[in-house]
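User: I'm new to this one and keep tripping over the vocabulary. Could you walk me through why things get called what they're called?

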Amino acid sequence: MTTEVTNVIVEVLPRFEGYVYPNEGTAHPLWGFLIVLYPYITGLVAGAFIMASLVRVFKVKALEPVYRLSLLTALAFLLCATLPLLFHLGHPERCFEIMMTPHLTSPMAIFGFVYAWYLMAVLLLELWFDYRQDLVQWSKTATGFKGIVYRLFTVGVTDESAKAVELDMKMGRILSVVGIPSAFLLHGYVGFIFGSIKANPWWGNSIMPVIFILSAIVSGIALCVFNYMVLTWIRRHTVDMRCLDTMAMFLFYALVVDAAIEGLDWIHRVYAAEEGFSVMQTMIREKLFYTLNLGQATIGTLLPLLMLGSLQLLRKRVPELGRRRMIFASAAMVLIGVLAMRWNVVIGGQLFSKSLRGVMGYKLEFAGVEGWLMGAVLLSLPFIILTVLVKLFLSERLPSSEHTPQGGPAA
Amino acid sequence: MRRFKLPPQILRLVLLTLGIVGTYFVARAVLTPPSFGKYGWYRGAALEELAARTPVYAGKQACDECHSEILHKLAADAHKTLSCEACHGVSREHGENPDILPVKLTGSHCIRCHEANVSRPAWFKQIVVRDHYSGKCVECHVPHQPNQTP
Amino acid sequence: MKTPYNRRSALATLGGALAGVLTLTVARPLKAAVQKVFVSSGAPRGYDPSKHKWLMCIDTNKCIGCGLCVEACKKENGVPEGPYYRTWVERYIIPKPKPGDGQTRGETLVDCPNGGMHGFPEPPMPKSQIEHSFFVPKMCNLCEHSPCVQVCPVGATFDAPDGAVLIDPTYCIGCGFCIQACPYGCRFLNPVTKTAEKCTLCYHRITRGLKPACVEICPTQARIFGDLKNLVPDDPIQKFYEQNRVQVLKPHLGTEPRVLYAGLDKEVR
């Protein structure tokens with residue numbers, strides 16, 4: 001249709017092929033880039049938490065250097081998770097309704113509760129129990145703003161006895177165990193939001209929540225790798241190769257499972273070839289070509305699988321510098337690939353018409369609430385928060401107690 | 001008997017939890033609209049609000065008050081299924097104040113329905129306007145009684 | 001063991017009780033003040049939703065694709081200009097098969113220019129090449145198991161007791177879940193109010209004994225409207241479902257749409 005300059009009242013019709021329902025013919029999809037970002041961010045939270053729980057629940061000692069960093073990463077991203085949703089709502093000032101009159105047949109109604117539960121009862125509590133002894137010690141010596149923060153977070157409890165510390169450790173373990181299904185719920189319900197929509201064949205199947213959770217775990221581990229290496233580089237430390245190699249191993253195997261299940265979804269679609277499949281093929285070939293074939297499949301899955309897989313086979317032969325570079329590149333590629341996957345699911349489902357006869361196109365704008373500038377801002381915000389958290393809680397100048405795993409890259 | 005003493009961390013946390021949960025229930029009681037749940041999981045007052053909107057079209061029955069003659073003629077001929085406002089436009093204001101005139105018929109208005117189109121059902125009277133006549137429809141057809149001639 | 005009552009504890013208890021009483025006396029008018037915001041205005045008196053069950057049926061054998069219904073709906077309900085339709089008319093053109101192809105029909109063409117609001121242009125092929133062609137008016141299907149109602153997170157859209165599926169525009173948060181969940185594409189996000197919107201069966205008309213605007217304006221009675229709980233003798237809607245073999249749209253999704261169609265073809269989605 002036309003792409004000339006128009007005034008704000010007239011909608012520029014999207015390019016579409018075939019037949020789409022008239023209500024679908026809007027200039028941009030209803031769920032735009034903000035709704036692509038929301039599952040991406042909560043997926044990173046869930047995945048980072050799973051990474052941390054590998055230490056506490058599955059007792060993978062090699063990963064102890066990233067334990068605290070993983071939890072702080074999860075916290076930083078969780079604090080930003082509501083923003084894309086709030087900006088997307090037609091009436092954000094009514095957002096409290098979702099907690100006051102939650103409609104229990106709707107998966108979206110669970111959001112307020114599962115978010116509050118995960119933030120307060122799981123993440124903050126686990127962090128608190130892990131940090132409590134340190135907070136008590138730091139609050140005694142620190143001054144100024146930091147001092148206020150530490151004293152605030154002790155919540156007035158200054159017991160440092162061995163019994164109290166033992167209780168802290170026990171509670172931390174319990175919370176890690178509780179946290180795993182909670183993390184699955186936090187991100188799984190988003191997958192179910194899409195999976196429950198029987199009206200849309202691109203979304204509505206039972207494998208959608210599973211794919212979301214698996215790709216969340218993959219993205220979370222990749223994010224922890226990324227953050228760990230960046231932080232080490234900033235602090236001019238040496239990377240703990242045992243930790244990094246273990247993270248790469250978990251990333252590889254998680255990626256294998258994720259790729260297998262996504263591949264299964266694809267194979268089933270091709271094999272069953274249900275109604276609208278030819279339109280889906282058109283959509284993938286034309287509208288989602290770069291984001292799916294290049295972004296999700298090649299950059300996000302194939303290349304990292306090859307790199308990490310070769311490292312699993314040839315670890316001893318590859319020198320340390322080479323390993324670090326390959327793992328870092330794989331992690332960065334996985335992060336891009338999972339974002340592309342969210343785009344393909346969210347936007348792809350809306351390009352595909354419910355008339356099963358047509359497909360629309362969509363070009364991401366630069367400015368505006370649903371533009372990529374806003375997306376970039378929302379994605380950089382968690383990193384800014386993480387910087388603050390790291391300065392407060394992973395500072396090298398403050399000693400951490402002996403019982404806890406070393407909180408961060410050591411000298 | 002040793003008195004059970006709750007560890008200080010747990011006590012603080014329990015108090016905090018009670019505070020947060022208590023605040024939630026108070027907020028819920030205050031912020032839930034009064035008619036919510038009257039008929040189902042929605043604001044019962046919404047039904048009244050939606051019904052309170054002023055209608056725009058007057059409806060064929062409203063025309064009967066003053067124009068019953070025309071309506072009788074209409075009912076006896078092929079245009080009996082038509083509503084007055086289909087051709088004369090929104091006539092609510094005219095119904096309330098007859099000095100305000102409704103939209104008049106124009107020739108093109110007949111074409112909207114009667115232009116021949118292969119998608120239109122075969123029983124429907126259609127003409128290829130180009131080949132039919134170049135003047136006004138009303139020269140040969142009476143709008144309210146289409147089978148009569150003027 | 002004697003509980004030590006000292007001045008401090010007694011004052012604390014008394015203070016607590018006083019605070020409790022004060023909170024209660026303040027809370028009630030405060031709650032009323034907050035809720036006054038939500039109290040609604042008057043509406044047609046004497047209308048009891050439980051005494052009616054509205055239904056609209058569509059006879060595609062009668063639709064001539066004039067688009068007057070689409071226009072009337074927009075005017076009646078103040079629907080914004082643009083790709084926002086509470087109801088629309090689709091045209092299906094099924095061409096003859098290519099000779100020697102061994103097929104029964106050619107590739108179906110579906111179009112809906114501006115929702116059909118200004119009628120339809122000439123078909124892209126001559127009459128001799130067309131096997132079937134017809135119009136299908138579409139609207140909210142008044143589902144028995146509405147997926148849109150199921151997914152609303154706050155209870156802003158609902159099945160009214162009298163059969164309409166409605167949206168509470170002051171409660172809707174504009175998340176768009178219902179719009180995604182409707183298999184028939186009958187919902188949209190109003191760009192002005194930023195809430196979801198759809199056909200309301202002209203609720204403000206039917207509660208006053210008028211017909212929905214599209215039914216009122218349809219020149220061929222392709223849209224039939226009635227009250228299943230108050231059928232009149234020779235009720236057109238009763239005649240429709242008793243005399244026609246009817247179909248519904250997308251029955252395999254289990255939404256149990258109540259809007260009945262006559263004259264559909266296998267190509268209609």
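Analyst: Here is a short run through the terms, each set against a case from the structure. This is a predicted model, where local features need pLDDT of at least 70 and side-chain atom pairs count only at pLDDT 80 or more, while totals for chains, interfaces and linings use all residues. Residues are numbered from 1 along each chain as its sequence is written, chains are lettered from A and ligands numbered from 1 in the order in which they are written, and side-chain values use heavy atoms, with hydrogens and water left out.

User: Why is the pair B:Arg112 and C:Glu71 called a salt bridge?

Analyst: The rule wants a side-chain nitrogen of Lys or Arg within 4 Å of a carboxyl oxygen of Asp or Glu. The closest N and O atoms of B:Arg112 and C:Glu71 are 2.8 Å apart, so the pair passes the 4 Å limit. The interface of chain B and chain C has 2 salt bridges, whereas chain B and chain A have 0 between them.

User: What makes C:Asp111 and C:Arg91 a polar contact?

Analyst: Their side chains come to 2.9 Å. A polar contact is a pair of N or O atoms within 3.5 Å (within protein, one must be able to donate a hydrogen and the other to accept it, and residues adjacent in sequence count only if both atoms are side-chain atoms), so 2.9 Å fits. Between chains, the count is 19 such residue pairs for chain B and chain C, and 7 for chain B and chain A, with both residues at pLDDT 80 or more.

User: Which residues does C:Asp111 touch, not counting those up to four places away in sequence?

Analyst: They are A:Tyr19, C:Val89, C:Glu90, C:Arg91 and C:Phe120. Touching, or contact, means heavy atoms within 4.5 Å. By that rule, 43 residues of chain B are in contact with 63 residues of chain C, and the contact of chain B with chain A takes 15 residues from chain B and 20 from chain A.

User: What does "buried" mean for chain B and chain C?

Analyst: Buried area is the accessible area (1.4 Å probe) that two parts lose on being put together, summed over both. For chain B and chain C that comes to about 4,200 Å², 62% of it on carbon and sulfur atoms. Chain B and chain A bury about 1,400 Å², 77% of it on carbon and sulfur atoms. B:Gln9, B:Arg12 and B:Trp41 supply 39% of the area that chain B buries against chain A, more than any other three residues.
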